[in-house]
Structures are given as structure tokens and as C-alpha cells.
Amino acid sequence: MDSAIKNIGLRGVVIASTKICDVDGANSRLVYRGYLIQDLAMEATFPEVAYLLIHDKMPDVHELVDFTNQLERNRYLPPNLICAMQTRPVSTPPMDILQACVALLAHHDDSLPENSPSLAKNRAMGLIAKLPTVVAAWTRIRQKLEPIDPMPGLSMAENFFYMITGEQPKRRLAELFDRALVLHAEHAFNASTFAAREVASTRAHMYAAVSAAIGSLSGELHGGANTRVMEMLKAIGSKEKIRPFVEDKLAKGELVMGLGHAVYKNGDPRVEILRPMSKEVGEMVGDTCWYEMTQELETVGKALFKEKKGIDIFPNVDFYSASLYHTMGLPHDLFTPIFAMSRVAGWCAHVIEEQFADEAHKPVLYRPESEYIGTYCGPEGCTLIPMDKR
Ligand SMILES: CC(=O)SCCNC(=O)CCNC(=O)[C@H](O)C(C)(C)COP(=O)(O)OP(=O)(O)OC[C@H]1O[C@@H](n2cnc3c(N)ncnc32)[C@H](O)[C@@H]1OP(=O)(O)O
Ligand SMILES: O=C([O-])CC(=O)C(=O)O
């Protein structure tokens, strides 16, 4: 049976209202709860932005101190969770570990199955605090090293590097890492947030919604692209090989990772902030080669897409974050878990909105329709032949 439906992946279909984020594709504008991403990236830290997303207001100084202390107290993992990680094959991808650990964290939440706005906000804070510890612990466990406990007094960014290496990063590097977290924290109804909201719409708990979102983010068309960008740069190897590489991809109809976006057709505003960050870290560590290759790929990619396909193509958030995290010394398969460590703030804000929106904006269970294009033998269906006669 042929289909009358062109699969457009819900592009342009508005399915709910939200007060959390506006992605204005035509004008390359990104707003978290009324604040422009450019202002948040330059003036606010990740904990402030996480607070904004979860509590729907910028924290004052007392609220921020209180929130930071709560995050600090909640960074520790239940010992059973570490034991569970220690039983996993060391080859397990960190995104799979993260997804499983978030699901397991539900077993340690004594307040379940109760739900209320304050319980949900507290769960969100707990997840924001714990995800970096899970990622860092797995990074060590898979190398047969003991996990390192969080160190009180360190910022979230400093602590992440400390829990991986046992050493505190340079202050400027930690500041730029924190800025990258701000840039990744929220993006309206992207695939992973939609997954989280869909699960939350069934009234499943926050851990179920967030673990579904992590699964969605792991794919290479979404958050998984940042790891793939780095693999691609490594495979290309040098600036001179970029042009033939892109030509080959276009000729074969294959993707150039980190280019294109489902909503931003005139450019992703986060790239303008990430590009100089990648350059600065490259200069800081004395290795600008990956930044330069990324920049060349952007220029050559734009020119070749225009020439061969007649379309304007721009990098997305995953493009420069690859060279940024690589020059920060982070393993490539941690790039997407780092994205998750930040986006968890947005996912949780959406779960809370899904479950506690006021009556006028209350979402309902998501339940789209599909068009059946399978076999249909008649009104009574196909004749079911007994097993021994098939
Ligand atoms: C955090 C994030 O999720 S950001 C996205 C991360 N993902 C990637 O970087 C993966 C590479 N990019 C892509 O696959 C796509 O650009 C997506 C999935 C992000 C967006 O896809 P769409 O909304 O379907 O893009 P759109 O339909 O406008 O693309 C227009 C044309 O450009 C092509 N195109 C878009 N991006 C790319 C790319 N990176 N490489 C090659 N061709 C591309 C499409 O195949 C399409 O060609 P066609 O008309 O001949 O079929
Ligand atoms: O919005 C999207 O489709 C993907 C994206 O850029 C994000 O999730 O940050």
C-alpha cells in the first residue's frame, strides 16, 4: 500500500505551548525564559541558568548560594550505583551508562511515587548535581581506576575535571566549560526534550522522562553529532583534505556532521559564541589546529553546499563544541554526555511544565496518529493460518 503522507518529522508543527524557551529559527534568536542566550552566556553561570530554567526566575544572591549548596551536597552518588557501574563491561558507551544510571537513581528516591512542584524541583536539582559525577566516575571505572569523590568548594565545571583527572583545571578553562554548559542547557522542542515531555505526559516520573531523553540525545543526528564531528576531523586529518572530503560526502549523499539544523536555517546563534571559545582554548593549550580545521570546514562546506546543492548551510551547536572539548583534553565519547549534563536542566524544566502547567496551558497525553501502510486482506483481516500449516 502506498502512503499519501510525506514524512516531515513534525517540522513546523506546533504541538504545545511553553514558557521555557523560544527558538526563533528565522532570526537566529534563542531565548531562555525571556533572556537572550548571548546575555546568559556572557553574564550568567550554569547554576544560575539551571535555576532560571527550573524555578522560572533568575536567582538573587541568597537563592543562588542556597542552590549552589544544594547542588554541592547532592553531587555524591549512592554507593550501590557505583557498584552497579563497576559490573558493566568497560566498552559500554558513556551515554548508555548515563541513561541506565538515571533510571537506577529512581530506585534511590524515597519520595517516589509522590509528585508535587517542590518534589519535582528537588529531583531536578538532584539530577543536575549527579550527572557530572556519573560521567566522571564511569570515565575512571572503565580505565580500572577508582572514582574520585566530588571536592567541596569547587564549581560544577572545576569539579567535573577534578573528578576525572584528580587535578583542578585552570580557572579560565573552567569558566569556558561552564559557558558551554550554559549554551547547551535548553532548546525548546528538540528531539530529546520532546522525548522527555512525551514520557512525562503519561505521568511517568522524572527519571523515566530524563532517561528517555538521554537515549534520544545519544543519536548522531542530535547530540551524538559532537562526537562524530571530532571523529570526522580526525579522519580528514589536515586542512588540505577538507575540500575533497566534503565533495565526496556530497557526491555520495552522505552527511557532513555538525552542519545543518532543523530550525535554524540562517545560522545557529550558539555557534557565534562557541567559535571564539574554541579559538581561545586552542591558543591557551598551544594547539589551534582543530579550531582552524573546523573553521576551514565551515567555509568550504558553505561554499560547496551552495555550489553543488544550491542551499545555504550553517554549522550547529555540535560543530565547534567538538574542537572546544577536544582541546580541553576531554575524551571524545564524553562530548555527548557533557551535552546531557547541561541539557538535563532543560529536560527537567519541561517535565515540570508538562506535569504542573496551569489549567489554561495544561498539556495532555501525547498520542499522534499513524497511517497504516501494511498488509490488509479485507474487513476481517488476513486469515490466520495455524502454526503447523504455515
Ligand atoms: C544538537 C543538535 O541536535 S544539532 C543537529 C546535530 N546533527 C548533525 O549535525 C547531523 C548532520 N545534520 C543533519 O543531519 C541535518 O542537518 C539535521 C538532521 C540536523 C537537520 O535536518 P533537516 O531539517 O532535515 O534539514 P533540511 O531538510 O533542511 O536539509 C536540506 C538539505 O540539506 C541536506 N543536509 C542537511 N544537513 C546536511 C549535512 N549535515 N550534510 C549533508 N547534507 C545535509 C539534507 O539532506 C537536504 O538535502 P535534500 O534536500 O537533497 O534531501
Ligand atoms: O533544536 C534542535 O533540533 C537541536 C538542537 O539544536 C538542540 O537540541 O540544541
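The following exchange examines two ligands and two backbone features of a predicted model.

Residues are numbered from 1 along each chain as written, and chains are lettered from A and ligands numbered from 1 in written order. In this predicted model, local features need pLDDT of at least 70, side-chain atom pairs count only at pLDDT 80 or more, and totals for chains, interfaces and linings use all residues, while side-chain values use heavy atoms and leave out hydrogens and water.

Me: How many residues surround ligand 1?
Reply: A residue is near a molecule if one of its heavy atoms lies within 4 Å of it. The closest residues to ligand 1 include Leu 221, His 222 and Lys 265. The number of residues that surround ligand 1 is 23.

Me: Where does ligand 1 lie with respect to domain 1 and domain 2?
Reply: Domain bounds come from an automatic or database domain assignment. Domain 1 (18–221 + 333–356) and domain 2 (225–327) both give residues to the shell, so the place of ligand 1 is between them.

Me: Which helices each supply at least two residues of the shell around ligand 1?
Reply: Helices are DSSP runs (H or I, at least four residues) and strands are DSSP runs (E, at least two), numbered from the N terminus. The helices that each supply at least two residues of this shell are helix 14 (289–309) and helix 15 (317–327).

Me: What percentage of the area that ligand 1 exposes alone does the protein bury?
Reply: A polar contact is a pair of N or O atoms within 3.5 Å. An oxygen atom of ligand 1 is 2.7 Å from an N or O atom in the side chain of Lys 265, and a polar side-chain atom of Lys 309 lies 2.9 Å from an oxygen atom of ligand 1. Accessible areas come from the Shrake-Rupley method with a 1.4 Å probe. Taken alone, ligand 1 exposes 930 Å², and the share buried by the protein is 68%.

Me: What percentage of the area that ligand 2 exposes alone does the protein bury?
Reply: Ligand 2 is surrounded by seven residues, as these names show: His 187, Asn 190, His 222, His 261, Arg 270, Phe 339 and Arg 343. An oxygen atom of ligand 2 is 2.7 Å from an N or O atom in the side chain of His 187, and polar side-chain atoms of Arg 270 and Arg 343 each lie 2.7 Å from an oxygen atom of ligand 2. Ligand 2 alone exposes 260 Å², of which the protein buries 85%.

Me: Which residues does a cis peptide bond join?
Reply: Most peptide bonds are trans. Here omega is about 5°, and Pro 113 is found in the loop between helix 5 (94–105) and helix 6 (117–141). The cis bond joins Leu 112 and Pro 113.

Me: What is the approximate phi of Leu 10?
Reply: Most residues other than glycine have a negative phi. Leu 10 is in the segment before strand 1 (21–24). Its phi is positive, near 65°.

Key: Polar contact = N/O pair within 3.5 Å; in protein donor to acceptor, adjacent residues only side chain to side chain.
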